[in-house]
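Colleague: I am new to this structure and would like a close look at its aromatic side chains. Could you take me through them slowly, and then place them in the wider picture?

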Amino acid sequence: MGLEDLYREVIMDHYRSPHHRGRVEGATGDVEMLNPTCGDEVRVSFRVEGGRLADVAFDGRGCSISMASASMMTDAVLGKTVEEARGLIAAFRELMQGGAPSAELGDLVALQGVAKFPVRIKCATLPWTTLEKGLAGAVDGEGGVRPGGVR
Amino acid sequence: MDIAKIRADFPILTEQVNGRPVIYLDNAATTQKPRSVLAAVDGYYEHTNANVHRAIHTLGERATAAYEASRARVARFIHAPAPETIVFVRNASEALNLVAYAWGSRLRAGDEIVLTPMEHHSNLIPWQLLCKRSGAVLRFIPLRDDGTLDMERAPIGARTKIVSVTHASNVLGTLTPAAELAARAHAAGAIFMLDAAQSVPHMPVDVQALDCDFLAFSGHKVYGPMGIGVLYGKRALLEEMDPFLGGGEMILEVHLDHATWNDVPWKFEAGTPNVGGAVGLAAALDYLDGLGLPAVAAHERELTEAAVNMLDEIPGVTVYGPRGERGALVSFTVEGIHPHDLSQVLDEESVAVRAGHHCCQPLMRQLGVVATARASFACYNTLEEVEALGAAVRKAQSFFGSVPH
């Protein structure tokens with residue numbers, strides 16, 4: 001189990017050049033979470049329109065795994081319905097628990113190696129848990145707005 | 001000191017990590033245990049084990065004697081005036097909590113507790129909880145940019161009831177002026193508590209010379225087993241304090257509606273204690289005294305200096321804390337590489353360091369980082385291991401390339 005299993009090229013690409021980094025304008029959901037064991041911070045904001053994630057972005061400070069996972073997550077959920085996004089969150093969590101990758105995960109399968117490094121799993125799941133918290137208040141397509149966020 | 005001979009005393013140092021013996025540089029988190037400590041714990045359970053202070057039978061008497069002899073051994077190690085000033089607890093955190101509850105119950109609204117911004121959460125949270133209960137307030141001795149305390153601005157005054165400070169910072173390595181702090185506290189009519197978790201393993205500590213009212217340390221950071229720790233307290237203070245936990249052992253006479261307390265230190269040791277742990281701790285202190293603390297300190301100073309100088313010379317590496325005199329550890333960050341990622345690459349190279357906030361989130365905020373990596377040393381570490389750390393850091397830099405942040 002080498003470092004290459006963990007730090008796949010696509011992960012390093014997202015870490016070096018993250019996608020959708022920043023804050024969404026007119027966000028309907030905005031949640032920040034902290035990993036108390038390491039101090040990593042992730043903030044995920046999004047705007048739901050007509051039941052779909054019309055825009056999504058992340059910001060924060062953390063290791064390559066948490067930041068790459070956040071970046072890849074924004075790619076994966078953008079344009080998806082809230083229901084589909086929840087499905088992706090569940091599928092990603094399954095992957096982190098050593099489950100077989102489901103087709104909907106696409107590029108995210110690159111993070112499969114993280115499952116072999118138990119202490120790093122929380123790094124990868126932090127942005128997803130943050131998005132999940134934001135979507136928890138989403139009713140009929142509207143996101144739960146919690147500026148300042150859950151910590 | 002013959003380091004090869006010392007290393008042979010620690011079985012775990014031959015443990016393989018990624019195909020090579022582990023290079024264990026996480027000693028500030030916990031040290032490894034010499035064979036003599038493992039044998040003492042085994043020997044206790046093989047030949048001595050029974051409950052203490054209760055049984056009128058041979059094993060019970062042996063166990064009680066072993067437990068109380070361990071207390072006397074700890075007292076001698078930190079130059080405490082009597083074994084009765086030593087309370088066995090689980091760890092330094094429990095010792096600090098014990099004082100914050102049992103001594104702290106006398107605090108009232110407006111009383112002040114003085115700490116530093118570099119305290120481990122275990123010397124911060126118990127006092128925050130005490131403030132919530134009592135209305136007392138926390139004051140902090142400012143930290144200068146070089147990681148030393150600004151004693152001229154120490155807010156110790158008429159309202160100060162206790163000054164509780166780390167002896168050696170687990171992040172910066174800063175050594176605090178304990179004797180001066182004790183004198184300042186006493187002059188203000190306050191008491192002084194020293195969190196010695198990071199100093200007792202590395203330098204001679206004399207509670208009477210420092211004039212500590214309370215002192216806390218953990219057994220597992222001083223080559224002893226996990227789950228045993230020490231609170232030293234001046235006898236008069238321990239005697240006037242209420243108990244911390246209630247239960248067996250800590251009582252004298254019990255009625256259905258009231259009870260009276262046992263003498264110190266047993267008043268603070270409710271329930272069956274960790275006798276095997278205490279015996280192991282005594283063996284650890286024997287081991288350390290056998291090596292000689294001044295020799296251990298000199299060796300660790302050499303390693304720490306070498307590490308600081310080496311890391312200072314690697315471009316992109318920032319070393320935190322004072323230069324010169326410091327504890328046996330070095331915290332650092334590498335530009336463009338998160339400490340978690342750094343630690344992961346170092347582990348691949350068999351080098352074990354700690355990465356994270358080190359239970360010092362306020363200090364991380366003051367340093368302007370979310371986390372650091374930390375290498376910390378013990379008697380069995382070598383200059384070759386320090387060099388391996390440097391090589392592994394350079395490898396991490398080449399693995400991650402120039403990552404903008």
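Modeller: In this predicted model, the charged end of B:Arg133 sits over the ring of B:Tyr101, at 3.9 Å from the centre of that ring. Turning from a charge over a ring to rings beside rings, the count over all chains comes to 11 aromatic pairs. One of them joins B:Tyr44 and B:Tyr45, whose ring centres are 4.9 Å apart and whose planes stand at 75 degrees, so the pair is edge-to-face. B:Tyr44 is buried, with a relative accessible area of 3%, whereas B:Tyr45, at 49% relative accessibility, counts as partly exposed.

Another edge-to-face pair is formed by B:Tyr223 and B:Tyr380, with ring centres 6.2 Å apart and planes at 80 degrees. This pair links distant parts of the chain, since its two residues lie 157 residues apart: B:Tyr223 belongs to the loop between strand 9 (214–218) and strand 10 (229–233) of chain B, and B:Tyr380 to the loop between strand 17 (372–376) and helix 13 (383–400) of chain B. B:Tyr223 is buried, with a relative accessible area of 0%, and B:Tyr380 counts as buried at 0% relative accessibility. Ring pairs also bring B:Phe10 and B:Tyr287 together with B:Tyr223 and B:Tyr380 in a cluster.

To place these rings in the wider picture, it helps to recall that, in soluble globular proteins, nonpolar side chains tend to be buried together. Here the largest nonpolar core holds 73 residues, and the members that touch the most others in it are A:Ile65, B:Phe332 and B:Leu389. Leaving aside residues up to four places away in sequence, B:Phe332 touches a set of residues that includes B:Leu311, B:Val317, B:Tyr320, B:Leu342, B:Arg374, B:Leu389 and B:Val393. A second core, separate from this one, has 72 residues, among them B:Ile141, B:Phe217, B:Val222 and B:Val275.

Chain A, which contributes A:Ile65 to the largest core, has five helices and three strands, and along the sequence these follow the pattern α-α-β-β-β-α-α-α. Of the 151 residues in chain A, 50% are buried.

As for cysteines, a search of the whole structure finds zero disulfides over all chains. A:Cys63 has the sulfur of A:Cys123 as its nearest cysteine sulfur, 3.8 Å away, and A:Cys63 counts as buried at 0% relative accessibility. For B:Cys359, the nearest cysteine sulfur is that of B:Cys360, 6.9 Å away, and B:Cys359 counts as partly exposed at 25% relative accessibility.

Terms used: Residues are numbered from 1 along each chain as its sequence is written. Chains are lettered from A and ligands numbered from 1 in the order in which they are written. This is a predicted model: local features need pLDDT of at least 70, side-chain atom pairs count only at pLDDT 80 or more; totals for chains, interfaces and linings use all residues. Side-chain values use heavy atoms; hydrogens and water are left out. A nonpolar core is a set of buried Ala, Val, Leu, Ile, Met, Phe, Trp, Tyr and Cys residues joined through side-chain atoms within 4.5 Å. Buried means under 20% relative accessible area, exposed over 50%, partly exposed in between (1.4 Å probe, protein chains only). Contact means heavy atoms within 4.5 Å. A disulfide is a pair of cysteine sulfur atoms within 2.5 Å. Helices (H or I, at least four residues) and strands (E, at least two) are DSSP runs, numbered from the N terminus. Rings of Phe, Tyr and Trp (its six-membered ring) pair if their centres lie within 6.5 Å; planes under 30 degrees apart count as stacked, over 60 as edge-to-face and the rest as tilted. A charge sits over a ring if NZ of Lys or CZ of Arg is within 6 Å of the ring centre and within 35 degrees of the ring normal.
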